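Colleague: Could you walk me through this model, as someone who is new to it?
Modeller: Gladly, let us look at it together.

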Amino acid sequence: MSTSSQGPVVPAAVGPRLRAALDGIPAYAPGRPAGTGPRSFKLSSNENPYPPLPGVLEEAVAAAGSLNRYPDMAASALLDGLAAHFGVPAAHLAVGTGSVGVAQQLLQATAGPGDEVMYAWRSFEAYPIITRISGAVPVEVPLTADEGHDLPAMADAITPRTRLIFLCNPNNPTGTALGRAALEAFLDRVPPDVLVVLDEAYREFVRDPEVPDGLDVYRDRPNVCVLRTFSKAYGLAGLRVGFAVAHEPVAAALRKTAVPFGVSQIAQDAALASLRAEPELLKRVDALVGERTRVADGLAAQGWRVPVSQANFVWLRLGERTAAFAAACEEAGVMVRPFAGEGVRITVGEPEANDILLATSARFGALGEQS
């Protein structure tokens, strides 16, 4: 290496050697924020439009008084609260930085270079990102014509290299959900050494009795893990706390792969307070489900094809009209989540926001018919 009076001269092209697995991986794209106008709403991130549940803010503020201390790394009080609330052993629980953080821990525990990770597509956009980060090979199985998981095709795609299968139920971004019989038939075809992850971030919004509760499914299936989050129905998206329910070997592996002190004490205490506020939670969720029905019915009446959603959002497959629809919504004051060339996901928000959305979709549809 040559030198100068200022020291060694480092060639411009030389730098840290980064993993090739990162090449081509896009950064996760968050939903665009609401505009600055008085009638501007964010319907792009599946957030809960309500403020924290009663008692939660007080617990969070109290916990903030100890910011100079590390949080409880074991999250003991929260795990005990979850165990009591859901009727599962505390040893079957693990917490992390949102359900996506726990999902990434599951990949660290199960999959490495050359292993295969399967999921439907389109589904939660973090799946391909965290799969490639782990060095594993993503196996994407196209959705059915009615926007749901093609479970027979997924079962056929299992190979000796398959290590983990994500089932997003309800599916993000289409809102469709798997029924009990189809899910059980699929699980019967999965080898016992393959981990099946039921990602139930939107479980609280499910109203179809045929959609099983993953906690009922996991109990007698050691290769099933259930993911839940406090970010959606509970309204704690800004605190990043999720959890997994799995049999002890999987739960123990999650605790080994956790970032030390990753879940703050504020998040732990707020989540525990949210569990105690279940009556108000149920009222809010019922209100959002009512708005979901109103939005879906309104869109259908305008002539849009709307898959039946069991989540807190609806999906419109728009193809090449996706960007134009998102732009029309933004101009009207509502941000939706476009997936280029495919469609838009619309979070169910405040009634006023939903009214603006329906008025915009009506105008957009009318313009489309005239063109």
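**Salt bridges, a helix and two cysteines**

Modeller: This is a predicted model, and a good place to start is Arg221, which counts as buried because its relative accessibility is 15%.

Colleague: Which side chain does Arg221 meet in a salt bridge?
Modeller: Arg221 lies in the loop between helix 7 and strand 9, and its partner sits in helix 6, 33 residues apart. That partner is exposed, with a relative accessible area of 57%. The N to O distance is 2.8 Å, and the partner is Asp188.

Colleague: How far apart are the end C-alpha atoms of helix 10?
Modeller: Helix 10 covers residues 278-301, which makes 24 residues. At 1.5 Å a residue, they should span 34 Å, and the model agrees: the ends are 34 Å apart.

Colleague: Which residue forms a salt bridge with Arg284?
Modeller: Arg284 is buried, at 12% relative accessibility. Its partner also lies in helix 10, four residues apart, about one turn of the helix. The closest N and O atoms are 3.2 Å apart, and the partner is Glu280.

Colleague: How many disulfides does the count come to?
Modeller: A disulfide needs two cysteine sulfur atoms within 2.5 Å. The sulfur of Cys168 is 13 Å from the closest cysteine sulfur, in Cys225, so it is too far for a bond. The count therefore comes to zero, given the 2.5 Å cut-off.

Colleague: Is Cys225 buried or exposed?
Modeller: Buried means under 20% relative accessible area. Cys225 has a relative accessible area of 0%, so Cys225 is buried.

Notes: Residues numbered from 1 in each chain as written. Predicted model: local features only at pLDDT ≥ 70, side-chain atom pairs only at ≥ 80, totals over all residues. Heavy atoms only, no water. Helix = DSSP H or I, 4+ residues; strand = E, 2+ residues; numbered from the N terminus. Expected span 1.5 Å × (residues − 1). Buried < 20%, exposed > 50% of the residue type's maximum accessible area, 1.4 Å probe, protein only. Salt bridge = Lys/Arg side-chain N within 4 Å of Asp/Glu carboxyl O.
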